[in-house]
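Student: I have a model open and want to go through a few of its features. Can we start with the helix packing?

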Amino acid sequence: WVAYGGDYADMAVALGRADGMAAVGGAARYYTEIYDELPGVSVDRDLLDANDPADADMSKEPFYELDGDVHLMDPEMLINWYDWDRADVKEIAENVGPFVGNLIFRREDEWHDYRYYTLYEAFETVAEVFGERERYRAFEALHDEFVAGIRRRLPPADERSNVLLVYEGSDEPEEFSPYRLDDGGTSKKQWRDLGVADALAETGIDGISTTDRGRIDYETMLEIDPDVIMLRAHERKSAAEFRDTVLSFMRDHPVAAELTAVQNGRVYRGGALYQGPILNLFLTERAAKQLYPDEFGEVTGDERLFDRERVARIVAGEVGA
């Protein structure tokens, strides 16, 4: 299989199909380090880094070389993001392998005028492709128990922090691309499951899309003054490295230092864009700890909110264990 993004790749790994991986487009944003916490679960990182079709701008030629039996990606993404047309999609589907996928990580793109899928709807479709419905059902049960358990421990809605989710890769950020949390995209699933309030609600500020990458600065952020700021594009950093670079810069910035979130040290890494079922468990656990450390413990603490061994057993096919 060939996937685009860590979301669909993570689905295949969850279904016990890591060995079938031929390539993942955008592999740099597929955070495979999480598998280190799951006994027996791994992917070939050298293969990922060597075979990324995005390095060739997702041109058709690598698809012939990779010779995937199935392409886990939305062909409309190839048409709207890259230099493909419908004839190209048909050519690869007929000569190499079919496309199964739907761009689900966000819902702001005007060209996506067809049905979206939730994370688990997309995961179920991939499970049907691989004939792995039992593994899917086991993951679904684990996920539902996990989310229900967290929700039972959340503070009342009027006591929860509001969150501003933004994107900027610099260690010394001055402007940011904002995200809306209410668009239904799977990259924001953890925030919806945790019932947080979107700091952008009723501000008139829209989230980013392929056609609109609006920016906000610290002055605009100060008008919003969120309880918590979640900053994406820093997933390769540890929590300590993030504090020592980005948060340290904000604390020394003449305007950013006035933000309540900065003063309270509540600026955190904002999670991955492309999250599949395994990564979503880790990111939801991390977000719960970031937002409510008094209830769930610090991010670096010992309490685990889901069973790593159980996840590993499902990946291994021990779905009744």
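**Helices, sheet and a loop residue**

Tutor: This is a predicted model. The axes of helix H7 (residues 133-153) and helix H14 (residues 308-315) come within 9 Å and cross at roughly 165°.

Student: Is H7 roughly parallel or antiparallel to H14, then?

Tutor: Roughly antiparallel, because angles over 145 degrees fall in that class.

Student: And is the crossing of H7 and H14 left-handed or right-handed?

Tutor: H7 passes H14 in a left-handed crossing.

Student: Which residues make the contact?

Tutor: From H7, they are Arg135, Ala138, Phe139, Ala141, Leu142 and Glu145. H14 supplies Arg310, Val311, Ile314 and Val315.

Student: How does that contact split by class, nonpolar, polar and charged?

Tutor: Seven of the residues are nonpolar and three are charged, with no polar ones.

Student: Switching to the sheet. What is the strand order?

Tutor: The order is S2-S1-S3, in an open sheet of three strands with parallel pairing.

Student: Which strands stand at the edges?

Tutor: Strand S2 (23-25) and strand S3 (71-72). Each has a single partner strand, so one side of each has no neighbour in the sheet.

Student: How many bridges join S1 and S2?

Tutor: Three, with strand S1 (residues 2-4) and S2 paired in the parallel sense. Tyrosine 4 is opposite glycine 25 of S2.

Student: Last one: where is glutamate 132?

Tutor: Glutamate 132 lies in the loop between helix H6 (119-130) and H7.

Student: Does glutamate 132 count as buried or exposed, and why?

Tutor: Buried, because its relative accessibility is 14% and the cut-off is under 20%.

Student: What does glutamate 132 touch?

Tutor: Leaving out residues up to four places away in sequence, glutamate 132 touches Leu15, Arg17 and Ala127.

Note on methods: Residues numbered from 1 in each chain as written. Predicted model: local features only at pLDDT ≥ 70, side-chain atom pairs only at ≥ 80, totals over all residues. Heavy atoms only, no water. Axes fitted to C-alpha atoms, helices over the stretch in contact; angles between N-to-C directions. Helix = DSSP H or I, 4+ residues; strand = E, 2+ residues; numbered from the N terminus. Left-handed = near helix turned anticlockwise from the far one by under 90°. Contact = heavy atoms within 4.5 Å. Nonpolar A, V, L, I, M, F, W, Y, C, P; charged D, E, K, R; others polar. Pairing = 2+ DSSP bridges. Buried < 20%, exposed > 50% of the residue type's maximum accessible area, 1.4 Å probe, protein only.
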